[in-house]
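Me: I would like to go through this structure with you, one topic at a time. Could we begin with the charged side chains?

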Amino acid sequence: MSLQMEDLQVSFGNSKILESMNLSFSKNKLHAIIGPSGCGKTTLLKSLNRTLELDKGYQIKGKVNLSGENIYECKDTSWVRKRIGLVFQTPIALPLSIKENVLFGVRYFGERNKAKLNVICENCLEQAGLWEEVKDKLNHPARELSGGQIQRLSIARVLAVSPEILLLDEPCSNLDPSATKIIEGLLKKLAKQLTIILVTHNLFQAKRIADITIFLMNGQVIEEGETEALFANPKEQETRDFISGLTW
């Protein structure tokens with residue numbers, strides 16, 4: 001296993017958000033996290049790369065082990081976020097060129113070699129399925145891109161620092177079906193190289209692309225398993241109710 005949560009608990013004030021989470025995420029697998037709104041899906045993602053602690057008021061207990069190392073014992077949070085990259089629900093285009101959006105993190109971590117930077121930019125845009133669309137306008141402002149392109153640009157920016165884990169928070173929620181199809185195809189390809197953890201409200205999306213599905217409710221793991229088996233024959237009543245639409 002490349003990433004493990006051991007008794008992870010998150011609270012905000014007197015309210016428990018996540019309760020004693022024990023989950024393992026395997027290398028080169030695409031994991032989908034599903035569940036009703038407010039069940040803790042986004043909190044879980046943000047706790048996995050320590051962006052949650054940027055918001056005041058949260059208390060975090062337990063461990064998140066990356067290749068055997070507890071990330072919460074690491075003083076360098078930028079090192080954690082480099083290895084465990086997060087793509088937010090709303091795609092972010094920095095007020096820079098397309099090229100400099102991709103290279104933002106790489107430059108932050110000290111790379112100055114122009115030849116290397118050019119290779120990284122092209123490779124990551126290729127991985128994100130965006131190179132052919134933008135190769136002739138790399139110096140144009142990134143804000144000129146469409147929503148779907150900006151989402152892929154955000155993925156390219158995370159990939160540029162060579163993460164081991166890729167976290168995505170509902171990356172297709174604001175996209176049309178065509179852009180969604182492109183992103184889903186991209187994620188299936190990337191799952192051959194990375195561990196991917198995807199939060200999605202779209203059950204059909206989880207069924208289409210996830211290897212493993214995890215169902216959360218009220219801050220607890222209700223059920224997890226191979227996607228096909230979980231949707232075809234859920235073990236828990238709460239899971240059956242949710243995927244049949246009874247709790248929507």
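Me: How accessible is D55, as a percentage and as a class?
Reply: In this predicted model, D55 has 31% relative accessibility, and therefore counts as partly exposed.

Me: Which residue forms a salt bridge with D55, and at what N to O separation?
Reply: The partner is K46, and the closest N and O atoms of the two residues are 2.9 Å apart. K46 counts as buried at 18% relative accessibility, the limit for that class being under 20%.

Me: How many salt bridges does the count come to?
Reply: Eight. Another of them joins the side chains of R50 and E53, at 2.9 Å from N to O. R50 is buried, with a relative accessible area of 8%, whereas E53 is partly exposed at 35%.

Me: And where does R50 sit relative to α1?
Reply: R50 follows α1 and has a positive phi, near 65°. Helix α1 itself spans residues 41-48 and is mostly covered, with seven of its eight residues buried.

Me: Which residues of α1 are the buried ones?
Reply: They are K41, T43, L44, L45, K46, S47 and L48. K46 is thus the buried residue of α1 that pairs with D55.

Me: What about R83 and E164, how far apart are they in sequence?
Reply: The side chains of R83 and E164 meet in a salt bridge of 2.4 Å, N to O. This pair links distant parts of the chain, 81 residues apart: R83 belongs to helix α2 (residues 77-83), and E164 to the loop between α6 and β7. R83 is buried at 13% relative accessible area, while E164 is partly exposed at 32%.

Me: Which residues make up the network around that pair?
Reply: E69, R83 and E164 are joined into one network by salt bridges that share partners.

Me: Now E170. Where is it placed?
Reply: E170 lies in the loop between β7 (165-169) and α7 (177-190).

Me: Why does E170 have no salt bridge with K41?
Reply: E170 is buried, and K41 is its nearest side chain of opposite charge, at 4.8 Å. A salt bridge requires the nitrogen to be within 4 Å of the carboxyl oxygen, so a pair at that separation does not qualify.

Me: What does the E170 side chain meet in a polar contact, then?
Reply: The side chain of H201, at 3.2 Å. Leaving aside neighbours within four places in sequence, E170 is in contact with K41, Q89, V199, T200 and H201.

Me: Changing topic: which residues touch the most other members of the largest nonpolar core?
Reply: L125, L187 and I196 do, within a core of 50 residues. Helix α6 (residues 147-159) gives the most to this core, contributing six residues. There is also a second, separate core of 27 residues, which includes L23, C74, V199 and L216.

Me: What does I196 touch?
Reply: Beyond residues up to four places away in sequence, I196 touches K29, L30, H31, L166, L168, L187, L190 and A191. L187 thus appears among the contacts of I196 as well as among the residues that touch the most other core members.

Me: Is A32 buried or exposed?
Reply: A32 is at 0% relative accessibility, so it counts as buried. A32 is found in strand β3 (residues 30-34).

Me: How far is A32 from I197, in sequence and in space?
Reply: The two are 165 residues apart in sequence, with 6.0 Å between their C-alpha atoms. Apart from neighbours within four places in sequence, the contacts of A32 are L198, T200, A206, A210, I212, T213 and I214. T200 is also one of the contacts of E170.

Me: Last topic, backbone angles. What is the phi of D7, and what is that of N218?
Reply: D7 has a positive phi near 50° and is not a glycine. N218, likewise not a glycine, has a positive phi of about 55°.

Me: Where are these two located?
Reply: D7 is in strand β1 (residues 3-12), and N218 is in the loop between β9 (212-217) and β10 (220-226). D7 is partly exposed, with a relative accessible area of 34%, whereas N218 is exposed, at 60%.

Notes:
Residues numbered from 1 in each chain as written. Predicted model: local features only at pLDDT ≥ 70, side-chain atom pairs only at ≥ 80, totals over all residues. Heavy atoms only, no water. Helix = DSSP H or I, 4+ residues; strand = E, 2+ residues; numbered from the N terminus. Buried < 20%, exposed > 50% of the residue type's maximum accessible area, 1.4 Å probe, protein only. Lys, Arg positive; Asp, Glu negative; His and termini not counted. Polar contact = N/O pair within 3.5 Å; in protein donor to acceptor, adjacent residues only side chain to side chain. Contact = heavy atoms within 4.5 Å. Core = buried A, V, L, I, M, F, W, Y, C linked by side-chain atoms within 4.5 Å.
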